[in-house]
Amino acid sequence: LFFGPNFHSIDKVLITSKKETIMRIKNDKLRTIFDAGIYSKLTQWIDASIQAVGGVGNIRFKVFSLPISISKITSHFENDISNILYIIPEKVTRSKEHIKGNAFIVNDKKEVILELENIRLKIFNKNSIKNESWTK
């Protein structure tokens, strides 16, 4: 599976002294997907935020999951959009069937640029993955 250069948004993963995981995005390294100003990067920021919550959940809970929904996205474009942005996954939890969490994208002044609430990923476990031929 190859996503191409457009969805290689996270360039570094940082672990804080409090064991928090933070992902870094360099805006000048993102590729323009379509000519729509800031909204061209918005899709990549959202994708990277989903990857951040899923990655934290997959490592923490040792499961495989894929994204299914985001309840709410709130933008704060009144704050400066710096070249370096950070994704902060928060409240990453697991139920029997899902990983859930929130993500904040902040600028280099720690001002919120984007909030993603209730990112939900479906967990696939050995009972939900079947060894079948897809061609039947």
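In this predicted model, strands β4 and β5 run antiparallel and are joined by seven bridges. One residue pair to look at here is Ile88, whose bridge partner in β5 is Phe104. Zooming out, β4 and β5 belong to an open sheet of six strands, ordered β1-β2-β4-β5-β6-β3, with antiparallel pairing. The edges are taken by β1 (10-15) and β3, each of which pairs on one side only. On average, neighbouring strands of this sheet are turned by 25° against each other, direction ignored. As for the side chains, those of a regular strand alternate between the two faces of the sheet.

Starting from the β1 edge, β1 and β2 run antiparallel and are joined by five bridges. Within that pairing, Lys12 has Arg24 in β2 as its bridge partner. The two strands make a hairpin with five residues between them, and Lys19 takes a positive phi near 65° there. Strand β2 (residues 21-26) has five of its six residues buried, so the rest of the structure largely encloses it. On to the next neighbour: β2 pairs with β4 in the antiparallel sense, this time over four bridges, and Ile25 stands opposite Leu85 in β4.

Past β4 comes β5, which pairs with β6 over eight bridges, again in the antiparallel sense. Ala103 finds its bridge partner in β6 at Leu116. These two strands also form a hairpin, with five residues between them, and Lys110 in the turn has a positive phi of about 65°.

The loop between β5 and β6 has a further point of interest. By the rule applied here, the count of salt bridges comes to one, and it is formed by the side chains of Lys109 and Asp80, at 2.8 Å from N to O. Lys109 sits in the loop between β5 (98-106) and β6 (112-124), while Asp80 sits in the loop between β3 and β4 (84-94), so the pair ties together parts that are 29 residues apart in sequence. Lys109 is exposed, with a relative accessible area of 51%; with the cut-off for exposed set at over 50%, Asp80 at 44% is partly exposed.

At the other edge, β3 and β6 run antiparallel and are joined by 10 bridges. Ser69 has Arg120 as its bridge partner in β6. Arg120, which lies in strand β6, is partly exposed with a relative accessible area of 27%. Leaving out residues up to four places away in sequence, Arg120 touches Pro67, Ile68, Ser69, His98, Ile99 and Lys100. The C-alpha atoms of Arg120 and Leu66 are separated by 8.5 Å, although the two residues are 54 residues apart along the chain.

Strand β3 (residues 64-75) also holds Ser65. With a relative accessibility of 6%, Ser65 counts as buried. The Ser65 side chain makes a polar contact of 2.7 Å with the side chain of Asn58. Asn58 also turns up among the residues that Ser65 touches, along with Ile99, Leu121, Lys122, Ile123 and Phe124, again not counting residues up to four places away in sequence.

Phe124 leads to the aromatic side of the story. The count of aromatic pairs comes to two. One of them involves Phe64 and Phe124, whose ring centres are 6.1 Å apart and whose planes are at 50°, so the pair is tilted. This pair links distant parts of the chain, with Phe64 in strand β3 and Phe124 in strand β6, 60 residues apart. Both partners are partly exposed: Phe64 has a relative accessible area of 45%, and Phe124 one of 24%.

Definitions and conventions: Residues numbered from 1 in each chain as written. Predicted model: local features only at pLDDT ≥ 70, side-chain atom pairs only at ≥ 80, totals over all residues. Heavy atoms only, no water. Buried < 20%, exposed > 50% of the residue type's maximum accessible area, 1.4 Å probe, protein only. Polar contact = N/O pair within 3.5 Å; in protein donor to acceptor, adjacent residues only side chain to side chain. Contact = heavy atoms within 4.5 Å. Salt bridge = Lys/Arg side-chain N within 4 Å of Asp/Glu carboxyl O. Pairing = 2+ DSSP bridges. Axes fitted to C-alpha atoms, helices over the stretch in contact; angles between N-to-C directions. Phe/Tyr/Trp six-rings, centres within 6.5 Å; stacked < 30°, edge-to-face > 60°.
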